[in-house]
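Please review the following briefing on one protein chain. It covers burial and surface, then charge, then the architecture of one sheet and its helices.

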Amino acid sequence: MGWKSDLLVCTSLECETGEEMLISMDLAKKQGADIVELCVASLSFSHISEVEQLLKLRNLPSIVSLGCTDQRRRHSIIEATWLQILNRAVAVGVEFVEINHEVRAWEIVSKLKRQVSNTKVIVSNYVNTGNLTAETLGDLIVDMQSANADIIKLVINVDSITHVAPIFHVLTHCQVPLIARAVGDRGLISQLLGPKYGAFIVSGSLNGKTEPGLPPLASIRQIYKLHYMDSHTKIFGVVSNPVGHSKGPLLHNPAFRHTGYNGIYVPLLVDDINEFFRVYSCNDFAGFSVGIPHKETAVSCCDEVDPLALLIGAVNTIIRRPSDGLLVGYNTDCEACITAIEDAFRQRHNVNGHVSPISGRLFVLIGAGGAGRAMAFGARSRGARVVIFNRSFERAKALAAAVSGEALPYECLNEFRPEKGMILANSSAIGMDPNPQQTPICKAALTSYELVFDAVYTPRNTRLLQEAAEVGAIVVSGVEMFIRQALGQFKLFTNGLAPEEFMRKIVLDQF
């Protein structure tokens with residue numbers, strides 16, 4: 001797993017003036033860009049010499065293109081002016097110029113190539129239909145090659161993560177240099193995994209700007225370190241919807257590098273988990289964290305399920321067994337949550353012992369989804385009395401029956417105070433960003449609880465935990481559960497490696 005010096009990191013610049021373009025170019029360079037796309041249609045200029053001056057002052061290798069995704073910035077440029085800009089770009093030695101395949105590409109490429117220059121010509125095609133096959137993409141590339149370009153570029157709108165798979169196929173088999181990008185939230189892996197399949201350019205968004213399908217520019221080098229990716233890199237990721245809140249990439253990627261394991265961990269925005277596993281079925285897709293809302297559905301996707309996960313009825317980790325390619329499901333949420341609560345009790349009371357400090361206590365659980373099921377079974381296994389509140393009372397009753405507990409209507413939670421010293425565990429998403437002002441229970445009700453646990457870890461200190469601390473309860477953050485379940489997952493991912501102190505420090509320092 002060595003440094004891949006030929007991988008170029010690119011970002012697109014859409015600016016009103018040449019001065020703004022140069023400032024953005026400096027910023028792009030600082031954030032790790034090797035090359036920038038100068039979107040000429042965003043520029044407001046009175047004479048073509050202004051564009052030429054910008055090109056002469058560039059301090060990064062550049063692609064001159066007409067593209068501009070922001071319609072508010074887009075200026076109309078007539079074809080004659082655009083052809084003049086292309087000729088000036090070639091004359092001053094700009095590294096790349098980009099021409100749309102649909103605009104007399106062969107004729108324009110031929111004229112540009114008559115000039116003596118090192119400029120490479122990119123012919124691009126913007127494809128709006130997302131459900132393309134590898135065959136249709138291959139046919140499109142063959143058609144585009146007739147323009148005699150040096151590089152082919154495909155930008156494809158996708159509405160499912162499974163539609164990115166044909167892009168990986170053509171990247172691997174294309175006979176000419178290919179730039180490929182899937183547009184939309186579900187297309188992010190086209191950039192993060194592209195280098196594994198032969199991509200020589202990946203794109204990122206500048207200055208933390210959220211652009212669907214693009215990772216932040218700085219993350220390409222700092223988090224994912226795509227320059228170290230090769231064809232042998234194993235793929236791991238979090239299968240979730242939504243997935244943007246996940247901190248998994250911030251933890252697992254540095255841990256892979258720390259242990260010398262050739263792996264990458266990426267966000268996987270998945271709508272249909274069964275379809276996802278059907279399409280991405282090769283051994284390179286080696287392991288997965290499973291998040292909301294897939295933890296229960298994921299059980300049926302597995303060929304084998306660990307007995308504890310089967311009992312819980314939810315998996316949060318899936319491994320593709322290398323020997324036979326079968327998917328094996330596990331649940332690391334259960335022990336992560338319960339041991340975090342137990343250790344907090346022991347630390348507060350300064351006691352150790354074999355008997356669980358939650359044994360015999362009333363364990364009040366909010367939520368009956370995948371994480372809630374793990375907590376309910378974990379609490380029951382330690383001898384706690386489990387009471388479940390959930391917005392869907394039917395789900396609460398079903399889970400209560402499975403753990404010999406009790407279910408009560410969610411509306412009764414604030415008034416439920418049968419005894420002091422109870423444990424409250426929130427497994428729901430209430431209070432998670434972008435709604436940190438929410439809380440599942442009123443502050444007055446918290447006085448009946450000795451310990452309050454919140455599985456939400458974005459933000460780290462939720463409103464629920466703040467109010468619990470204010471009334472004197474022991475508080476346990478979802479960050480602690482996250483660390484523990486992630487350690488369990490990492491051991492499964494790497495068949496035993498888990499740098500606990502290193503991973504704990506990353507979480508506590510960065511989250």
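Of the 511 residues of the protein chain, 55% count as buried, that is, under 20% relative accessible area with a 1.4 Å probe and protein chains only. The model is predicted: local features need pLDDT of at least 70, side-chain atom pairs count only at pLDDT 80 or more, and totals for chains, interfaces and linings use all residues. Residues are numbered from 1 along each chain as its sequence is written, and side-chain values use heavy atoms, without hydrogens and water.

**Overall fold and surface**
- The chain comprises 18 helices and 20 strands, taken as DSSP runs (helices H or I, at least four residues; strands E, at least two).
- About 21,600 Å² is exposed, and carbon and sulfur atoms supply 51% of this area, computed by the Shrake-Rupley method with a 1.4 Å probe.

**Charge**
- There are 47 positive and 51 negative side chains, where Lys and Arg count as positive, Asp and Glu as negative, and His and the chain ends are not counted.

**Sheet**
- An open sheet of eight strands follows the order β7-β6-β5-β4-β3-β2-β1-β8 with parallel pairing, a pair requiring at least two DSSP bridges.
- Because β7 (178–183) and β8 (201–203) each have a single partner strand, one side of each edge strand is left without a neighbour in the sheet.
- Strand β1 (residues 8–13) runs parallel to β8 and is joined to it by three bridges; the bridge partner of Cys10 in β8 is Ser203.

**Helix packing**
- Helix α1 (residues 18–30) packs on the sheet and touches β1 and β2 (35–39), contact meaning heavy atoms within 4.5 Å.

Conventions: Buried < 20%, exposed > 50% of the residue type's maximum accessible area, 1.4 Å probe, protein only. Charge placed at Lys NZ, Arg CZ, Asp CG, Glu CD. Axes fitted to C-alpha atoms, helices over the stretch in contact; angles between N-to-C directions.
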